Amino acid sequence: MVPLDEFRRQIEVSVIGQVAVIQALTPALLNSGGRVVNIGSVGGKISMPGFGIYSAAKYAMEAINDSLRREMSSFGLKVIMITPGGVSTSLSEKGVTTADRLSRFMTPDQHRRHDRLFDAVKAQAESWATDGIPPKKVAEVVSRAIHESKPRTRGRPRFGTADPTGSYSPG
């Protein structure tokens, strides 16, 4: 029921945009010994109801990241994927606003079928805004991925576990 233009926009921003930045910076990264650090999502591993288009973009970046890591390793370019869970940012508010905007285009029949799902998705997004991983923890993981001499190829911030500091661990 999501308009195809909205689907295209999500793919354009979340996949094509990231690839464009990587392509533009690859020569400089190769010359400087830098590395690519992509931010993925749990949504790139598990697709929940109401998150299909988001997950499609994140699954695509998982595939691109894995392939790029293998392609560039012989040139010494490290490619890393950081995969946090829900992060406490204003992005959740944007998701709720987008869901509200899209629901205005739904037919009465679609509302009958999907309003409960929309309400659940909005509640989940709102909970991430307050109960998610603090952005600082994600930033610490990204910093370690950038600065470690032998970075892992995958990492995820951990919060509320035995190591509340946001450990850099295999994803």
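This is a guided tour of a predicted model, given as a series of selections to make in the viewer.

**The whole chain**

Begin with the entire protein in a cartoon representation. Its secondary structure comprises five helices and three strands, and from the N terminus these elements follow the order α-β-α-β-α-α-α-β. Colouring by relative accessibility will show the buried residues, which constitute 35% of the 171 residues. In a contact map restricted to separations of 6 or more, 65% of the contacts are between residues 24 or more positions apart.

**The largest nonpolar core**

Next, select Ile80, Ile82, Val87, Ile133, Val138, Val141, Val142 and Ala145 and display their side chains. These eight residues form the largest nonpolar core. Two elements, strand E2 (78–82) and helix H5 (135–147), each contribute two or more residues to this core. The greatest contribution comes from H5, with four residues. A second core, separate from this one, has seven residues, among them Ile22, Leu29, Leu68 and Met72; keep Ile22 and Leu29 labelled for a later stop.

**Helix H5**

Now isolate residues 135–147. At 1.5 Å a residue, the 13 residues of H5 should span 18 Å, and the C-alpha atoms at its ends are indeed 18 Å apart, so the two values agree.

Which residues of H5 are buried? They are Lys137, Val138, Val141, Val142 and Ala145. Because they cover an arc of only 140 degrees around the axis, they lie on the same side of H5. A view along the helix axis is suitable for this comparison. Lys136 and His147, on the other side of H5, are exposed. To see what the buried residues face, add residues 35–39 and 78–82 to the selection: the buried residues of H5 pack against strand E1 (35–39) and E2.

**Strand E1: Val36**

Move to strand E1 and select Val36, which is located there. Val36 has a relative accessible area of 5%, under the 20% limit, and is therefore buried. Beyond residues up to four places away in sequence, Val36 touches Ile22, Leu29, Leu77, Lys78, Val79 and Ile80. Ile22 and Leu29 also belong to the second core, and Ile80 to the largest one. A distance monitor between the C-alpha atoms of Val36 and Ile22 should read 7.4 Å, for a separation of 14 residues in sequence.

**Strand E1: Asn38**

Stay in strand E1 and select Asn38. Is this residue buried or exposed? Asn38 counts as buried, at 4% relative accessibility. Add Asn65 to the selection: the side chains of Asn38 and Asn65 are joined by a polar contact of 2.8 Å. Setting aside neighbours within four places in sequence, the contacts of Asn38 are Gln18, Ile22, Met61, Asn65, Val79, Ile80, Met81 and Ile82. Ile22 and Ile80 are thus in the contact lists of both Val36 and Asn38.

**Salt bridges in helix H1**

Turn to the charged side chains; the structure contains seven salt bridges. Select Asp5 and Arg8 first. Their closest N and O atoms are 3.3 Å apart, forming a salt bridge. Both residues belong to helix H1 (residues 4–32) and are three residues apart, about one turn of the helix. An α-helix has 3.6 residues a turn, so residues three or four places apart point the same way. Arg8 is exposed at 52% relative accessible area, and Asp5 is likewise exposed at 59%.

Now select Glu6 and Arg9, whose side chains meet in a salt bridge with an N to O distance of 2.9 Å. They too lie in H1, three residues apart, about one turn of the helix. Here Arg9 counts as partly exposed at 34% relative accessibility, whereas Glu6 counts as buried at 11%. Add Arg101 to this selection to display a network of salt bridges linking Glu6, Arg9 and Arg101.

**A salt bridge in helix H4**

For the last stop, select Asp109 and Arg112. Their salt bridge has its closest N and O atoms 3.3 Å apart. The two residues are separated by about one helical turn because they are three residues apart in helix H4 (residues 108–131). Asp109 is partly exposed, with a relative accessible area of 35%, while Arg112 is exposed, at 64%.

Conventions:
Residues are numbered from 1 along each chain as its sequence is written. This is a predicted model: local features need pLDDT of at least 70, side-chain atom pairs count only at pLDDT 80 or more; totals for chains, interfaces and linings use all residues. Side-chain values use heavy atoms; hydrogens and water are left out. A nonpolar core is a set of buried Ala, Val, Leu, Ile, Met, Phe, Trp, Tyr and Cys residues joined through side-chain atoms within 4.5 Å. Buried means under 20% relative accessible area, exposed over 50%, partly exposed in between (1.4 Å probe, protein chains only). The expected span of a helix is 1.5 Å times one less than its number of residues. The arc is that of the directions from the helix axis to the C-beta atoms. Contact means heavy atoms within 4.5 Å. A salt bridge is a side-chain nitrogen of Lys or Arg within 4 Å of a carboxyl oxygen of Asp or Glu. A polar contact is a pair of N or O atoms within 3.5 Å; within protein, one must be able to donate a hydrogen and the other to accept it, and residues adjacent in sequence count only if both atoms are side-chain atoms.
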